[in-house]
Amino acid sequence: MIARFALSMMVVALLAYACGPRSGTPVASSRPAVARPAVHLDRGITSSVMVDTARGEVRFVIAVENGSRKQVELDFPNGRTHDFVVYREDGTEVWRWSNGRLFTQGMQNRLLDARDSVLYAERWRPAAKGQYTLVAQLLSENYPVSQRVAFALR
């Protein structure tokens, strides 16, 4: 299960690198920041978050995997399935992915087969260097996930 997830994260990182822009000011770090998996053993759901600060923009990925042997249904109250929020070191909110976006008001669901996973990825163009914390959220009503990852832009 962990090997499959690690392989998925490596594929996402390689795709992000291959498809990413080649111009711009490099922002930061030698390797991506990764949050350890949050495990909900009683429900079979694991999640992991990656922050890549390599090329003038910051890329965020939250991966959610159904580690159980049964199909899992993620229920969402509206069209907003996930969110990413960036905070400065002092706790001030700097950026929120969902700000200024419109979402459907209808309920929706996402089926995850046994051992299946889903990735949500977004980009942020930082205005300043410094220490930040990302809060990545899966906004499912029945399997909510929230993880924090600290990262630095130099």
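# Aromatic pairs, burial and salt bridges

Phe60 and Phe84 are both buried (under 20% relative accessible area with a 1.4 Å probe, protein chains only; exposed is over 50%, partly exposed in between). The model is predicted, so local features need pLDDT of at least 70 and side-chain atom pairs pLDDT 80 or more, while totals for chains, interfaces and linings use all residues. Numbering starts from 1 along each chain as its sequence is written, and side-chain values use heavy atoms, without hydrogens and water.

**Exercise 1.** Classify the ring pair of Phe60 and Phe84, and state which parts of the chain the pair links.

*Solution.* Step 1: Rings of Phe, Tyr and Trp (its six-membered ring) pair if their centres lie within 6.5 Å; planes under 30 degrees apart are stacked, over 60 edge-to-face, the rest tilted. The count by this rule is 8 aromatic pairs.

Step 2: The ring centres of Phe60 and Phe84 are 5.6 Å apart and the planes stand at 25°, so this pair is stacked.

Step 3: Phe60 belongs to strand 3 (residues 58-66) and Phe84 to strand 5 (residues 82-88), so that the pair links distant parts of the chain, 24 residues apart. Strands are DSSP runs (E, at least two residues), numbered from the N terminus.

Step 4: Both residues also belong to a cluster linked by ring pairs, whose members are Phe60, Phe84, Trp95, Trp124, Tyr132 and Phe151.

**Exercise 2.** Classify the pair of Trp97 and Phe103, and assign the burial of each residue.

*Solution.* Step 1: The rings of Trp97 and Phe103 lie 5.8 Å apart, centre to centre, with 55° between the planes, and the pair is tilted.

Step 2: Trp97 has a relative accessibility of 9% and is therefore buried. Phe103 reaches 23% and therefore counts as partly exposed.

**Exercise 3.** Describe the surroundings of Ala136 and Ser98.

*Solution.* Step 1: Ala136 is located in strand 9 (residues 130-138). Its relative accessible area is 0%, so Ala136 is buried.

Step 2: Leaving out residues up to four places away in sequence, Ala136 is in contact (heavy atoms within 4.5 Å) with Val49, Ile62, Asp83, Phe84, Val145, Ser146 and Gln147. The C-alpha atoms of Ala136 and Val61 are separated by 8.3 Å, with their positions 75 residues apart along the chain.

Step 3: Ser98 sits in the loop between strand 6 (93-96) and strand 7 (108-112), and at 7% relative accessibility Ser98 is buried. With the same sequence neighbours excluded, Ser98 touches Arg80, Asp83 and Phe103.

**Exercise 4.** Identify the salt-bridge partners of Glu57, and what each pair ties together.

*Solution.* Step 1: A salt bridge needs a side-chain nitrogen of Lys or Arg within 4 Å of a carboxyl oxygen of Asp or Glu. The structure holds 6 of them.

Step 2: Glu57 and Arg123 meet at 3.5 Å, N to O. Glu57 lies in the loop between strand 2 (45-52) and strand 3, and Arg123 in strand 8 (residues 117-124), so the pair ties together parts 66 residues apart in sequence.

Step 3: Glu57 also forms a salt bridge with Arg125, the closest N and O atoms being 3.5 Å apart. Arg125 lies in the loop between strand 8 and strand 9, so this pair joins parts 68 residues apart in sequence.

Step 4: Glu57 is buried at 4% relative accessibility, Arg123 is partly exposed at 47%, and Arg125 is exposed at 58%. Glu57, Arg59, Arg123 and Arg125 are linked in a network of salt bridges.

Notes. Helix = DSSP H or I, 4+ residues; strand = E, 2+ residues; numbered from the N terminus.
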